[in-house]
Amino acid sequence: MILDDRVLDVRGATVRYAPGRPAVDGADLRLTCGRVTALLGPSGSGKSSLLRAIAGLEKLDGGEIRFENRIWSGPGRHLAPEQRRCGVVFQDYALFPHLSALDNTAFGLRGGQRAERRARALARLEAMELGARAHAFPHQLSGGEQQRVALARALAPDPDVMLLDEPFSGLDRRLRGDLRETTARALRDSDAATLLVTHDAEEALALADTIALMSQGRIIQTGAPDAVYLRPASLTAARLLGEVEAFEARVTGAAASTPLGEAPASGFEEGARVCVLARPEAIRIRRADAEGALAQIAARRPGSGQQRLVCTLEDGRAVSVRTALTAPHRPGDAVRLSLDPDNIHVIPAEAG
């Protein structure tokens with residue numbers, strides 16, 4: 001089989017540290033140069049182990065990793081990390097405390113005159129909007145500035161593959177948001193195939209061209225951010241990308257009946273067991289004299305421009321709804337809930 005150039009392919013990758021379930025269990029993943037792929041999953045799902053295997057820091061126990069049809073890891077083959085042209089940014093950034101931002105960035109550069117290497121390093125810092133801080137030492141830099149220096153250092157040698165392991169985890173939420181666009185632009189401009197490991201769904205949705213969802217060592221779904229968010233392959237996949245309500249039902253007359261009304265299910269056989277998935281924003285909320293399932297608002301949590309309402313149905317089930325912050329809903333109010341048929345997704349019950 002001939003693979004496309006400028007693509008890193010992971011096929012059936014397995015990493016095992018001890019007897020029992022592997023840390024990475026037959027994972028398939030494709031990274032394309034010039035694009036950012038987010039590997040999203042909970043702690044312990046195998047994300048960092050897969051990243052380390054791509055970097056050459058862990059040997060595979062099965063499967064293979066290729067770049068431009070060259071085997072990096074496979075049966076009887078394991079290229080050393082320094083032979084893989086990978087830039088890696090870990091959580092702690094690992095900057096040298098006795099070197100300036102410029103010297104940290106230039107540290108991994110080889111060949112050419114010293115002045116040329118420093119000019120190249122400075123260009124990377126300027127691309128990260130840090131040219132004015134080139135001579136500052138790590139202790140003089142903020143957390144966000146340290147993160148950008150670490151990224152500039154990893155990008156300076158023009159790697160084929162960029163690997164980032166939870167690079168924003170040590171920053172506060174506001175700072176993470178501020179850095180996303182700068183980071184995404186620098187990564188795409190580098191033309192490297194980028195893998196961003198994260199457990200933050202918002203981060204994955206904001207930064208990535210492609211999202212790969214990982215659970216228990218396996219890649220369970222891969223696709224464009226909007227596709228995996230709106231059309232998850234399973235309940236596990238749906239929950240990795242945020243809050244979701246799941247209603248089990250049987251198909252009758254091309255529809256599935258839920259406590260919030262019927263959901264279209266034309267692609268399923270009569271009597272099939274299905275799971276109707278609805279994000280909080282896919283649940284409509286109206287006044288108590290409107291149509292829909294009767295519920296009472298039990299709690300209200302304001303957020304950035306929106307509010308999350310926890311509503312209790314007559315059978316005692318709690319359902320989350322997301323509406324505009326200005327909507328006049330308060331705890332204790334009686335309301336009616338229904339599904340937005342254009343924003344729900346139906347999957348076989350077994351997939352959940």
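Student: What makes strand 7 and strand 11 the edges of the open six-stranded sheet?

Tutor: In this predicted model, the strands of the sheet come in the order 7-8-9-3-10-11, with mixed pairing. Strand 7 (86–89) and strand 11 (218–223) have a single partner strand each, so one side of each is left without a neighbour in the sheet. From one strand to the next, the twist averages 20°.

Student: How do you know that strand 10 and strand 11 pair?

Tutor: Two strands count as paired with at least two bridges between them. Strand 10 (residues 210–215) and strand 11 have five bridges, in the antiparallel sense, so they pair. Within strand 10 and strand 11, L213 stands opposite Q221.

Student: Which helix lies across strand 8?

Tutor: That's helix 1 (residues 47–55), running at about 150° to strand 8 (161–165). Helix 1 also lies across other strands, including strand 3 (36–40) and strand 9 (193–198).

Student: Why is C86 not bonded to C33?

Tutor: A disulfide needs two cysteine sulfur atoms within 2.5 Å. The sulfur of C86 has its closest cysteine sulfur in C33, 11 Å away, so that's too far for a bond. The count of disulfides in the structure is zero.

Student: And where is the nearest cysteine sulfur to C275?

Tutor: It belongs to C311, 20 Å away, and C275 is in no disulfide.

Student: Why is C275 called buried?

Tutor: Buried means under 20% relative accessible area. C275 has 3%, so it gets that label.

Note on methods
Residues numbered from 1 in each chain as written. Predicted model: local features only at pLDDT ≥ 70, side-chain atom pairs only at ≥ 80, totals over all residues. Heavy atoms only, no water. Helix = DSSP H or I, 4+ residues; strand = E, 2+ residues; numbered from the N terminus. Axes fitted to C-alpha atoms, helices over the stretch in contact; angles between N-to-C directions. Contact = heavy atoms within 4.5 Å. Buried < 20%, exposed > 50% of the residue type's maximum accessible area, 1.4 Å probe, protein only.
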